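The following exercises are to be worked with the sequence and the model side by side. Each task is followed by a solution in steps.

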Amino acid sequence: MSKVDLNCDLGESFGAYRIGNDESILEHVTSVNVACGFHAGDPSVMRKTVKLAAEKKVQIGAHPGLQDLIGFGRRNMNISPQEAYDIVVYQIGALNGFLQAEGLSMQHVKPHGALYNMAAKNKALSEAIAKAVYNVNPELILFGLSGSELIQAGNRIGLKTANEVFADRTYQLDGSLTARTEPNALIENDDEAVSQVITMVKEGKVKSQQGKDVELQADTICIHGDGAHALEFARHVNRSLRASEVVVKAISK
């Protein structure tokens, strides 16, 4: 029987701005990636998100991003590997403070947005990120795009890694995600997205935008918590996976 983790990016509100429906989505996921204040989130939001996730018994990970609040961390920045290392260590430490204050431990680290996508292809950046995670805590699990440079870097340094696939994104022939600036980057139809997820988990493949199948490994599935129908989609994905005899549980369980 297939097994998969279902993760969601949460804690993306900031100050007076509210994004997502975090408390309700926590009912349907097994791991959460908490924004650490650079691309989204703030100290109060981080604390509240950690407490909510703990109450729902959902595993918690850091979601470090580029220091680009206005661009939501989705704009590429020309940072050095050393800068990538520094910002990842800094953000893991910020979230870990709130976890320790609640007597909790961190399960994983998953880079956000542009940092994630750059590291998927850039060996030097991916190695810097993996080193940052390992040096903070070698027991942490590194989430990265399935088969990417980030996953390879994590494996080389000795981290446990989780190959991530995306429920609502389309793929290119090289296994990368279609850029959000390109047409058809997002899958708008929920049933189509769920069908793609089940194929990825049970058959280890996805149909690319070029019409050919790409092989991949699906250890964890990302759904996004900030869309208009995020809650309904999270519920739909979870139920559909279970109906397809897929065990849905946290990567560390």
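**Exercise 1.** Which side chain does the side chain of Thr220 join in a polar contact?

*Solution.* The structure is a predicted model, in which local features need pLDDT of at least 70, side-chain atom pairs count only at pLDDT 80 or more, and totals for chains, interfaces and linings use all residues. Residues are numbered from 1 along each chain as its sequence is written, and side-chain values use heavy atoms, with hydrogens and water left out.

Step 1. Locate Thr220 in strand β9, residues 220-224. Helices (H or I, at least four residues) and strands (E, at least two) are DSSP runs, numbered from the N terminus.

Step 2. Find the partner: the side chain of Asn7 lies 2.8 Å away in a polar contact. Such a contact is a pair of N or O atoms within 3.5 Å; within protein, one must be able to donate a hydrogen and the other to accept it, and residues adjacent in sequence count only if both atoms are side-chain atoms.

Step 3. Assess the accessibility of Thr220, which is buried at 0% relative accessibility. Buried means under 20% relative accessible area, exposed over 50%, and partly exposed in between (1.4 Å probe, protein chains only).

**Exercise 2.** Describe the surroundings of strand β3, residues 59-63.

*Solution.* Step 1. Consider burial: five of the five residues of β3 are buried, so the strand is largely enclosed by the rest of the structure. Gln59, Gly61 and His63 point one way, while Ile60 and Ala62 point the other way.

Step 2. Identify the strand on one pairing: β2 (residues 31-35) joins β3 in the parallel sense over five bridges, with Ala35 partnered by His63. Strands pair if DSSP finds at least two bridges between them. The C-alpha atom of Ala35 is also 5.5 Å from that of Gly11, 24 residues apart along the chain. Gly11 belongs to the loop between β1 and α1 and is buried at 0%.

Step 3. Turn to the pairing with β4 (residues 108-109), which is parallel over two bridges; here Gly61 is opposite His108.

Step 4. Trace the connections. A right-handed β-α-β unit is formed by β2, helix α2 (residues 43-55) and β3, and another right-handed unit by β3, helix α3 (residues 81-101) and β4. A crossover is right-handed if, with the strands pointing away from the viewer, the path from the first strand over the helix to the second runs clockwise.

**Exercise 3.** Which parts of the chain are linked by the salt bridges of Lys110, Lys51 and Glu127?

*Solution.* Step 1. Begin with the total: the whole structure holds 10 salt bridges, each a side-chain nitrogen of Lys or Arg within 4 Å of a carboxyl oxygen of Asp or Glu.

Step 2. Lys110 and Asp9 meet at 3.3 Å, N to O. This pair links the loop between β4 and α4 (113-121) with strand β1, 101 residues apart, and both residues are buried.

Step 3. Lys51 and Glu102 approach to 3.6 Å between their closest N and O atoms. Lys51 is in helix α2 and Glu102 in the loop between α3 and β4, so the pair ties together parts 51 residues apart in sequence. Lys51 is partly exposed at 33%, as is Glu102 at 36%.

Step 4. Glu127 and Arg156 are joined at 3.1 Å between their closest N and O atoms. They lie in helix α5 (residues 123-136) and helix α6 (residues 149-157) respectively, so parts 29 residues apart in sequence are tied together.
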